[in-house]
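Grab a coffee and open the structure. Here are some short exercises on charged side chains, each with a worked solution.

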Amino acid sequence: MTTYEDLPPYLLGFPGPLRDMLVAAVLSGAKTATTGLLPQYEAEGEPLPVPGARSVLVDSQERAVAVVEVTDVRVLRLAEVDLQHALDEGEGYASVAEWRASHERFWHSPPVRAALGDAEYTVDDDTLVVAERFRVVTALA
């Protein structure tokens, strides 16, 4: 039988207030989707998530708080992200434009640019993103 200690970590944002807010949204059931940059997966040599894969959601203190399961993964152009996905991110977005502005601020931040190895990195309509859906299997906290 697999325990959560055997699972890889599921990381949202970077440790700190943003991660804590995202984890709280997952635990409340508001957040059932997330979006990452395909170039960041490639830069970090990280495989894309696959439906059915389980991970352990960790908070800013690296405490295990839930087991999550990927339910859907799509690679699409940034311009193709739809309103339902933006709403399902559970961060209170009222429009795709609002969702995108928030994500662009994050993706243009120094930590993301450092992870990509490009201090001037910017996204545009054609940037490929990984739109992921997940569900909480077990709350641990």
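**Exercise 1.** Work out how Glu104 and Arg100 pair up, and where they sit.

*Solution.* Start with the atoms: Glu104 and Arg100 make a salt bridge, with 2.6 Å between the closest N and O atoms. Keep in mind that this is a predicted model. Next, place the pair: both residues are in helix H4, 4 residues apart, or about one turn of the helix. Last, check accessibility against the 20% cut-off for buried. Arg100 has 19%, so it's buried, while Glu104 has 21% and is partly exposed.

**Exercise 2.** Find which parts of the chain the salt bridge between Glu91 and Lys31 ties together.

*Solution.* First, the bridge: the closest N and O atoms of Glu91 and Lys31 are 3.1 Å apart. Glu91 is in the loop between H3 and helix H4, and Lys31 is in the loop between helix H1 and strand E2, so the bridge joins parts 60 residues apart in sequence. Now the surroundings: Lys31 is buried at 2%, whereas Glu91 is partly exposed at 23%. Finally, look for further partners: Lys31, Glu89 and Glu91 form a network of salt bridges.

**Exercise 3.** Decide whether Asp88 is buried or exposed, and list what it touches.

*Solution.* Locate Asp88 in helix H3, residues 83-88. Its relative accessibility is 16%, so Asp88 counts as buried. Leaving out residues up to four places away in sequence, Asp88 touches Ala30, Lys31, Thr32, Ala33 and Arg133. With Arg133, the Asp88 side chain makes a side-chain polar contact at 2.6 Å.

Technical notes: Residues numbered from 1 in each chain as written. Predicted model: local features only at pLDDT ≥ 70, side-chain atom pairs only at ≥ 80, totals over all residues. Heavy atoms only, no water. Helix = DSSP H or I, 4+ residues; strand = E, 2+ residues; numbered from the N terminus. Buried < 20%, exposed > 50% of the residue type's maximum accessible area, 1.4 Å probe, protein only. Polar contact = N/O pair within 3.5 Å; in protein donor to acceptor, adjacent residues only side chain to side chain. Contact = heavy atoms within 4.5 Å. Salt bridge = Lys/Arg side-chain N within 4 Å of Asp/Glu carboxyl O.
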